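Colleague: Could you walk me through one part of this model in some detail? I would like to follow the strand pairing and then the charged contacts around it.

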Amino acid sequence: MVLKVTRRSALALAGAAFGALSTPAILRAQTSFKVRIGYNTAVDFVGTFLAEDQGIFKKHGVSVELSPVGPTAMVPAVATNSVDMVTLSCLPTIQAIDAGLPLTILAGAQVLPSTGNIGMMARAGAGLKEPSDLFGRRLAVPALNNIMLYMFNYWFSQKGLDYKKLKWVEAPAVNYRDMMKRGEIDAALVFDPYYQMMKNDGTAVDFINFYENAPAGVVVGGYQANAEWAKGNPEAVAAFRAALEEGTAIALKDNVAARTSISKWTKMAPEIVETIKVPNLLPRITPSNLTYIMDVMRQQNLLKTDITAEKVILRWPV
């Protein structure tokens, strides 16, 4: 069917176009960019949680759709465009980019030094005194492809010890207390709130701070996007980043508001969240924030190409 354009309809269309151009800038700025975010329930991403709760995304013209996604499903979800971005530790993202998947790191979340508790805890009464005592013991980690494990291995090798001889079991951190009480594990890589809880009740004691040699600013977790989506939606990326920076600033300044959002989105009880310190957060990262992580990865043969930090970050405007 051919649409006949009359002089009257042409004038009407021209008038509508002129009206759109003359619309006040403040109204045009309210254009909503929809961003689908797959998130995990970690305190690292409180900047996003708070930005959503306090209407900061909406203020910047961003309509976010937050969906919980399991850690192992994060990379497939964003690589296949099931979501636009995900919240994840940087290590699996770098591996995915190294393997040729279309991902990019948009922003950082938690950076070192950590404000809360994170490290290796030893079971009370296990008799662990030196790092070399770990040989022959059963050690727990939340996931075998976990940034904490690789950071620990790097630290362990710096002590002249062979991390390949250690025996690891994969188990959720929420189970560590019971596993230690039953004597099933002798030590574990732990983070808050589980770290503080086990320390408070005497189940476990401080043992190794394997982040001690990492320089300040090393990014632990961040926001990863489908690279093709990010390239095709620069305005949405800019709006998301602006809202994230604002939400992060409030989270760092107002710990009460931060803990309220953490409790809501992680489903942790408020009394547990009260024991957690708001993370050290830095959305605006540069390649230098990833250099140490990539050194750790190369030392353990986790990268197959000569990929550099500059190739995995979508640079922020100066």
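How many bridges join E5 to E8, and do they run parallel or antiparallel?

Modeller: Happy to. First, some ground rules: this is a predicted model, where local features need pLDDT of at least 70, side-chain atom pairs count only at pLDDT 80 or more, and totals for chains, interfaces and linings use all residues. Residues are numbered from 1 along each chain as its sequence is written, and side-chain values use heavy atoms, with hydrogens and water left out.

Now to your strands. E5 and E8 run antiparallel and are joined by five bridges. Strands here are DSSP runs of E with at least two residues, helices are runs of H or I with at least four, and both are numbered from the N terminus; two strands pair if DSSP finds at least two bridges between them. One contact to look for on screen is alanine 122, whose bridge partner in E8 is alanine 187. The pair belongs to an open sheet of five strands with mixed pairing, in the order E7-E6-E8-E5-E9. Its edge strands are E7 (167-170) and E9, each pairing on one side only. From one strand to the next, the twist averages 40 degrees (axes are lines fitted to C-alpha atoms, and angles run from 0 to 180 degrees between N-to-C directions).

Next, the charged contacts. A salt bridge here is a side-chain nitrogen of Lys or Arg within 4 Å of a carboxyl oxygen of Asp or Glu, and a search of the whole structure finds 11 of them. One joins arginine 123 to aspartate 186, with the closest N and O atoms 2.7 Å apart. Arginine 123 lies in strand E5 (residues 118-123) and aspartate 186 in the loop between helix H8 (176-181) and strand E8 (187-191), so this pair ties together parts that are 63 residues apart in sequence. Both arginine 123 and aspartate 186 are buried, where buried means under 20% relative accessible area, exposed over 50%, and partly exposed in between (1.4 Å probe, protein chains only). Arg123 and Asp186 are also linked with Arg137 in a network of salt bridges.

Helix H8 has a salt bridge of its own to show you. Arginine 177 is bound in this way to aspartate 201, the closest N and O atoms being 2.9 Å apart. Arginine 177 lies in helix H8, while aspartate 201 is in the loop between helix H9 (194-200) and strand E9 (204-208), so the pair ties together parts that are 24 residues apart in sequence. Arginine 177 counts as partly exposed, at 28% relative accessibility, and aspartate 201 is partly exposed too, with a relative accessible area of 37%.

One more salt bridge is worth a glance: arginine 182 with glutamate 184, where the closest N and O atoms are 2.6 Å apart. Arginine 182 is exposed at 55% relative accessibility, whereas glutamate 184 is partly exposed at 31%.

To retrace the path on screen, start at the bridge between alanine 122 and alanine 187, then move to the salt bridge of arginine 123 with aspartate 186, and finish at arginine 177 and aspartate 201.
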